[in-house]
Amino acid sequence: MNLFSLFSRRRNGARTRIVCGTLLALGTFIAGAPRGLAAQAEPAGAQAPAGDRIRVFLDCRIHGCDRDFLITEMPYVIWTQDRLDSEVHVLVTSLRTGAGGAQYTLALLGQGRFAGRGDTVATAIPPNSSDDGRRRELARVLELALVPYILRTSAASNFQLGELEPTEAGDSPQTIHDPWNFWVYRASASGNGSAESRESELRLEGSLSASRITEASKIEFDVDYEYEANAFTLSDGEKRSFALREADVSGRYTHSLSEHWSAGLGSNVGMSEFRNHDVTASLDVQAGYNLFPWREATSRQLVGIITVGGRYSDYSEVTIYGLTWELRPTASAIVAGESRQPWGSVDASLRHTQYLHDLSVYNVSFDARTEIRLTRGLSLQVSAFGEKVHDQLGLPRGDASDEEVLTRQRALATAYRYGGRIGISFTFGSIYNTIVNPRLEKIFD
């Protein structure tokens, strides 16, 4: 039987109920630290100030984190503006689930009087959940996770433990019968357009997908189509119109070999007027290794992937190499890493793609993003990308016209691409002002 507990707080005669985990989990919280985080017992006789509230910093950049809502729902904690002012740093990350929802992972990192304590909890958000449903589930799980910290303060005397009705056996995910056998299907379509007296634009997009994702394997299929049309009236009254079409059908199978190793098979068929492809097709096999166990993917990854396969291209126009079609063997190597830590986040990837028929035909690309909390209230954001291009086999013969260049009707020859962004933010002032007042705001901006 699953016994759940009810953590209640009396305040001015009212009762605020906070659902917390199982009695067994609560005992584990109090007894020591969870897996992967070292616990340090507080010294005997250490006393928190009377009537104190724990200070919490919410570190969450994902959809569903409504800070104002959490402040309103959880007035028994102090929400700080900077992690250095907090006693509990709550780091929230997410991964997409097989059904199209999300798994939120909350890592609680103790600071100050809670230094050395920590815990990690997770919850699954169903697909198509409302924004309100997401934030309420996040609030519910966060309340559970904060219980052991509240119990270590003098304010714990204002709370009491109660009991909820046990859940029915049918509520357990392990006992649910899935008539779809884990298959999830999605379809989407969109269109937008605009017009002026001498210019008009139309863009249409559509996609279909099917996936079956389990711990043991992933099967994914995607179909995408894009259409873009532009029309202009020139100064002499002449009218010009341009249109581009692009379509792609892809499929991939990935098998989980161990906590670190994975293998897969992928293929795609498509066309692109912009890239001079009447038909393009590829088939490849992959092997990948993650230095960290995949269960830690919400907070850190360091992955190496090797791919070997082939690519077929049927061109709309004769290429700069005098070909109308070609079939070439290819190989690629990818190294990618990501980390979300209390000091900030960083992710980067390095990719090398090589055509095996000619070692001078290749592509090397790199991109990286980071956000670093330099000091109290001060953060630095930096992103950059670069690409060495030596694989434009499909470029059509002849120079592009001025119209094609200005309207981006075809890919242009280039030896490189690069770009970057840098930004800085600084927050100062009151670190404890958590009052919510939404009056006369532009809510829907």
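R113 is partly exposed, with 25% of its relative accessible area open, and in this predicted model the side chain of R113 meets that of E87 in a salt bridge with an N to O distance of 2.6 Å. The two residues belong to distant parts of the chain, 26 residues apart, with E87 in the loop between β4 (78-79) and β5 and R113 in the loop between β6 (102-110) and β7 (118-125). E87 also meets the side chain of R55 in a salt bridge, here at 3.9 Å from N to O, and this pair again links distant parts of the chain, since R55 lies in strand β3 (residues 55-60), 32 residues from E87. The surroundings of the partners can be told apart by their accessibility: E87 has a relative accessible area of 6% and is therefore buried, the cut-off being under 20%, whereas R55, at 26%, counts as partly exposed.

A further residue of β3 leads to the disulfide. A search of the whole structure finds 1 such link, formed by C60 and C65 with their sulfur atoms 1.5 Å apart. The link is right-handed, with 60° about the S-S bond. Its two ends fall into separate accessibility classes, because C60 is buried at a relative accessible area of 15%, while C65, at 22%, counts as partly exposed.

From here the view can widen to the whole protein chain, which contains 4 helices and 20 strands. Of its 445 residues, 33% count as buried, and the accessible surface comes to about 26,400 Å², with 56% of it belonging to carbon and sulfur atoms. Among the contacts between residues at least 6 apart in sequence, 58% join residues at least 24 apart.

Many of the strands can be followed through one open sheet of 12 strands, which has antiparallel pairing and runs in the order β9-β10-β11-β12-β13-β14-β15-β16-β17-β18-β19-β20. At its edges stand β9 (183-195) and β20 (416-426), each with a single partner strand, so that one side of each is left without a neighbour in the sheet. Neighbouring strands of this sheet are turned by 10° against each other on average, when direction is ignored.

Within the sheet, β11 (residues 217-233) and β12 (residues 239-256) pair in the antiparallel sense over 17 bridges, and in their hairpin, which has 5 residues between the strands, G237 takes a positive phi near 90°. The register can be traced through T254, which is the bridge partner of K218 in the first pairing and of G264 in β13 in the next. That next pairing, between β12 and β13 (residues 261-272), is antiparallel over 11 bridges, and the two strands form a hairpin with 4 residues between them. β13 in turn pairs with β14 (residues 277-290) in the antiparallel sense over 11 bridges, and here A263 stands opposite A287.

Farther along the sheet, D347 in strand β17 (residues 344-355) and R369 in strand β18 (residues 362-375) are 22 residues apart and form a salt bridge, with their closest N and O atoms 2.4 Å apart. R369 counts as partly exposed, at 41% relative accessibility. The structure holds 16 salt bridges, and those that share partners join R203, E205, E226 and E228 into one network.

The path closes at S379 in strand β19 (residues 378-390), which counts as buried at 10% relative accessibility. Leaving aside residues up to four places away in sequence, S379 touches E371, I372, R373, L374, G423, I424 and S425.

Key. Residues are numbered from 1 along each chain as its sequence is written. This is a predicted model: local features need pLDDT of at least 70, side-chain atom pairs count only at pLDDT 80 or more; totals for chains, interfaces and linings use all residues. Side-chain values use heavy atoms; hydrogens and water are left out. Two strands pair if DSSP finds at least two bridges between them. Buried means under 20% relative accessible area, exposed over 50%, partly exposed in between (1.4 Å probe, protein chains only). Contact means heavy atoms within 4.5 Å. Accessible areas come from the Shrake-Rupley method with a 1.4 Å probe; for residues, only the protein chains shown count as cover. Axes are lines fitted to C-alpha atoms, for helices over the stretch in contact, and angles run from 0 to 180 degrees between N-to-C directions. A disulfide is a pair of cysteine sulfur atoms within 2.5 Å. A salt bridge is a side-chain nitrogen of Lys or Arg within 4 Å of a carboxyl oxygen of Asp or Glu.
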